[in-house]
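Here's a quick briefing for anyone about to set up calculations on this chain. Have a look at the structure first, then we'll go through pockets, domains and backbone oddities.

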Amino acid sequence: MTQLAGKHIVLGLSGGVACYKSAHLCRLLTKAGATVQVVMTGAAEQFITPVTMQALSGRTVYGSQWDAREPNNMPHINLSREADAMLIAPCSADFIARLVQGRADELLSLMCLARPMERIPLLLAPAMNREMWAHPATQRNLAQVQADGAQVLGVGVGDQACGETGDGRMLEPEEIMQELAAFFTPGHLAGRRLLITAGPTFEAIDPVRGITNHSSGKMGFAIARAAREAGAEVTLVAGPVHLATPRGVKRIDVQSARQMFDAVQRQADEADVFVATAAVADWRPASAAEQKLKKDGSGQVPALAFVENPDILAAVAQSPRAQSGALYCVGFAAESHDLLQHASAKRLRKKVPLLVGNIGPATFGQDDNALLLIDDQGSRELPRASKDELARQLVIELAHRLPAAR
Ligand code: C5P
């Protein structure tokens with residue numbers, strides 16, 4: 001997550017079982033290149049020790065406004081001034097209430113109050129029992145802290161330490177990292193709606209067999225994540241892949257090319273950009289057997305007849321909205337050689353304004369890739385990098401090519 005490299009984050013822990021997750025969060029932040037200043041409330045220290053947080057952050061942990069180690073004896077001023085953001089995780093119901101009241105009787109809430117608001121954003125990752133979360137007092141307080149400028153990252157749903165199940169869990173550290181990355185990403189695609197296809201398709205032969213390919217879906221998922229981080233509203237139509245849904249992305253799972261086609265047709269009217277990264281099977285068995293094809297010992301093999309699948313990208317690119325420029329279409333081409341020549345021809349054949357070429361064997365299943373962008377102005381290479389990094393660069397390239405937002 002290059003967005004976090006060089007950032008200075010004040011990580012505040014208030015009292016909650018989720019403090020154990022903040023140790024991992026601290027580790028992820030430092031691994032991403034951020035410096036982390038941990039500040040803990042007395043209640044947080046009941047759940048996890050400052051020793052752990054000091055070892056993970058590599059910095060002295062602060063917990064008291066009376067800490068005399070600061071030469072001017074003002075840790076609340078010194079610690080808050082150099083931050084690029086303050087993140088309170090876990091943020092307890094009590095801590096939210098304290099923020100609402102502007103309490104300043106312990107170091108962490110004092111720092112939130114004393115920070116220069118226009119320069120240092122405050123992000124909150126709440127964590128509490130579901131009844132506490134749903135209580136009108138908490139909801140009222142959440143509305144107020146947001147009105148006062150804090151950004152609330154939301155909560156997870158699921159099993160809680162108390163044994164109950166519901167809303168109020170702290171987001172997982174990886175989810176908080178995604179939220180932070182988005183927070184530090186310029187909103188190149190703010191207000192845009194992206195529809196993305198990703199992964200392979202699976203074309204059934206019978207109930208247990210089928211035809212598919214080696215596409216991992218990683219490039220499409222990386223684009224979905226980068227677009228979301230850049231402020232877009234993203235719908236991801238995914239073939240059978242083993243990837244987690246990027247945070248904040250609406251995902252529609254499909255199997256076959258025809259299911260992918262139908263899902264895309266249903267969503268396309270609501271999109272401003274269509275990015276087709278899926279490796280859609282060109283053909284499918286003419287008819288899928290209802291029962292498993294059995295080997296009968298005669299040595300006879302089944303004869304498979306194929307029919308062509310719909311070309312999803314070409315169909316969308318020919319729609320009136322795409323033709324009028326209201327829907328910007330991006331195709332991908334996986335080639336094995338002569339990338340520029342083949343990808344340029346594909347751009348014209350599919351009638352899309354932007355085609356992104358890559359070398360198939362060098363990208364399928366890999367975590368990195370190299371891209372060649374081809375539009376009516378010519379071509380541009382995005383050299384080999386991680387798919388996440390390439391996706392971020394592609395998002396910026398895309399933003400430059402879109403008509404000005406209405
Ligand atoms: O024709 P070819 O498969 O090489 O084209 C690749 C591009 O077209 C990719 O963007 C892919 O997602 C899209 N495509 C599609 N539907 C198909 C075949 C390809 O959307 N049936």
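How do the residues of the lining of the second largest pocket divide into nonpolar, polar and charged? The split is 10 nonpolar, 6 polar and 4 charged. Keep in mind that this is a predicted model. The chain is assigned two domains, domain 1 (2–183) and domain 2 (193–401), and the pockets are a good place to start.

**Second largest pocket**

- This one holds about 360 Å³ of space.
- Its lining is made up of 20 residues, and Val17, Ala18, Ala127, Met128 and Ala161 are the ones closest to the centre.
- Two or more lining residues come from each of helix 1 (19–31), helix 5 (93–101) and strand 7 (165–169).

**Largest pocket**

- The volume here comes to about 900 Å³.
- If you want to put a grid box on it, the residues closest to the pocket centre are Ala278, Ala279, Val280, Asp282 and Phe332, out of 39 that line it.
- Several elements chip in with at least two lining residues each: the helices are helix 10 (218–229), helix 12 (312–317) and helix 14 (339–350), while the strands are strand 13 (273–276), strand 15 (306–308) and strand 16 (328–335).
- Sorted by class, the lining has 18 nonpolar residues, with 13 polar and 8 charged ones making up the rest.

**Where the two domains meet**

- Going by C-alpha centres, domain 1 and domain 2 sit 39 Å apart.
- For the contact itself, domain 1 puts in 9 residues and domain 2 puts in 6.
- Interface size is often quoted as the accessible area lost when the parts come together.
- For this pair, the buried area is about 630 Å², and carbon and sulfur atoms account for 38% of that.
- How many salt bridges turn up across the interface of domain 1 and domain 2? The count is 2.
- On the salt-bridge theme, Arg247 and Glu179 pair up through their side chains, at 2.4 Å from N to O.

**Backbone oddities to keep an eye on**

- The peptide bond running from Ala89 to Pro90 is cis, its omega being near 0°.
- Pro90 belongs to strand 3, which covers residues 85–91.
- Asn73 isn't a glycine, yet its phi is positive, near 60°.
- Where does Asn73 sit? Look in the loop between helix 3 (50–57) and helix 4 (75–81).

Definitions and conventions:
Residues are numbered from 1 along each chain as its sequence is written. This is a predicted model: local features need pLDDT of at least 70, side-chain atom pairs count only at pLDDT 80 or more; totals for chains, interfaces and linings use all residues. Side-chain values use heavy atoms; hydrogens and water are left out. On a 1 Å grid over the protein atoms alone, a cavity is a set of points where a 1.4 Å probe fits but cannot get out, and a pocket is an open set with protein on both sides within 12 Å along at least five of seven lines; lining residues have an atom within 4 Å of a point. Grid points are joined across faces, edges and corners, and a volume is the space filled by probe spheres set on the points. Helices (H or I, at least four residues) and strands (E, at least two) are DSSP runs, numbered from the N terminus. Ala, Val, Leu, Ile, Met, Phe, Trp, Tyr, Cys and Pro count as nonpolar, Asp, Glu, Lys and Arg as charged, and the others, Gly among them, as polar. Domain bounds come from an automatic or database domain assignment. Contact means heavy atoms within 4.5 Å. Buried area is the accessible area (1.4 Å probe) that two parts lose on being put together, summed over both. A salt bridge is a side-chain nitrogen of Lys or Arg within 4 Å of a carboxyl oxygen of Asp or Glu.
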